[in-house]
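Welcome! Take a moment to turn the model around on your screen, and then let us walk through it together.

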Amino acid sequence: MLKRLLLIPAAALLLYGCGGSEIRYALANDSYRCEDFDVIKEKMTALINKARSQSRNCGYKIFTPVGRVEWNPTLARAALEHSVDMATGDFVSHEGSDGSEVSDRVEKLDYEWAMVGENISVGRESAEEVVAAWIRSPVHCEVLMQPRMTEIGGACFHNKDTRNKTYWTVVFASPKQGGVKKTSQK
């Protein structure tokens, strides 16, 4: 079991070595059950933009339709690192095993943000299931519908030796533009 868990971080390291700024999946983890990266990229962007295009009640807050988000490979890398961390540590939290928050993880990758947020999900097999669950959750829905968020990056990682098996993270952000105060949501 320890050998298998050590393979997961090694697999994650392989993800960053290929394809320049795009993440490519080269997995040593034979139990991977998440959708392919390109499928996640296309589905997450489309599903989140569809949700943002409609008025939505997120708990007690009502949101009118908001602008579209674009995929950002740096945010996808931050999302993948957090999904791998949760999957290898068998935990579910916005706080990483090293005590990091989403803002720390994107700053480590040199992404300068004005606003940043993160949604996580576990135990779901498809992007459709994940986004539907976030829409039903008032807190996750608020992050998804935040009008200032303009970019996203997401990832899923699977570890069959954990309680939840699949670990999803999507990072939402707006890039920093001269003098904008930073705010963080999760």
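## Overall layout

Helices and strands here are DSSP runs, with at least four residues for a helix and at least two for a strand, numbered from the N terminus. With that in hand, the order along the sequence reads α-α-β-β-β-α-α-β-α-α-β-β-β. That pattern holds six helices and seven strands. Please keep in mind that this is a predicted model.

How much of the protein is buried? Of its 186 residues, 48% are buried. As for contacts with a separation of 6 or more, 72% of them join residues 24 or more positions apart.

## Helix 2 and its two sides

Helix 2 covers residues 37–52 and is a good place to start a closer look. Its 16 residues, at 1.5 Å a residue, should span 22 Å, and the C-alpha atoms at its ends are indeed 22 Å apart, so expectation and model agree.

Which residues of helix 2 are buried? They are F37, I40, M44, T45, I48, N49, A51 and R52. Looking down the axis of helix 2, you will find these buried residues within an arc of 160 degrees, so they line one face of the helix. Turned away from that buried side is a face carrying the exposed residues E42 and K50.

## Just after helix 2

Follow the chain onward and you meet Q54, in the loop between helix 2 and strand 1 (56–58). Q54 counts as partly exposed because its relative accessibility is 35%, and the partly exposed class lies between 20% and 50%.

What does Q54 touch, leaving aside residues up to four places away in sequence? Its contacts are F63, P65 and M145. For the pair Q54 and P65, eleven residues apart in sequence, the C-alpha atoms lie 4.8 Å from each other.

## Helix 5 and its partners

Helix 5 has buried residues of its own: A127, V130, V131, A133 and W134. Seen down the axis of helix 5, they fall within an arc of 160 degrees, so here too the buried residues line one face of the helix. Those buried residues pack against helix 2, strand 4 (113–122), helix 6 and strand 6 (166–175).

Two packed helices are described by the angle between their axes and the distance between the axes. For helix 5 (residues 127–136) and helix 6 (residues 138–145), the axes come within 5 Å and cross at roughly 105 degrees. Helix 5 is therefore roughly perpendicular to helix 6, as angles from 65 to 115 degrees are classed that way. On the helix 5 side, V131, W134, I135 and R136 make the contact, and helix 6 contributes P138, H140, C141 and L144. By type, the residues of this contact are six nonpolar, one polar and one charged.

## Two residues with positive phi

Most residues other than glycine have a negative phi. Where does D110 sit? D110 is in the loop between helix 4 (102–108) and strand 4. Its phi is near 65 degrees, a positive value in a residue other than glycine. D110 is exposed because its relative accessible area is 68%, and the cut-off for exposed is over 50%.

K165 also has a positive phi, about 70 degrees, although it is not a glycine. You can find K165 in the loop between strand 5 (151–158) and strand 6. With 33% relative accessibility, K165 counts as partly exposed.

How values were computed. Residues are numbered from 1 along each chain as its sequence is written. This is a predicted model: local features need pLDDT of at least 70, side-chain atom pairs count only at pLDDT 80 or more; totals for chains, interfaces and linings use all residues. Side-chain values use heavy atoms; hydrogens and water are left out. Axes are lines fitted to C-alpha atoms, for helices over the stretch in contact, and angles run from 0 to 180 degrees between N-to-C directions. Angles under 35 degrees count as roughly parallel, over 145 as roughly antiparallel, 65 to 115 as roughly perpendicular and the rest as oblique. Contact means heavy atoms within 4.5 Å. Ala, Val, Leu, Ile, Met, Phe, Trp, Tyr, Cys and Pro count as nonpolar, Asp, Glu, Lys and Arg as charged, and the others, Gly among them, as polar. The expected span of a helix is 1.5 Å times one less than its number of residues. Buried means under 20% relative accessible area, exposed over 50%, partly exposed in between (1.4 Å probe, protein chains only). The arc is that of the directions from the helix axis to the C-beta atoms.
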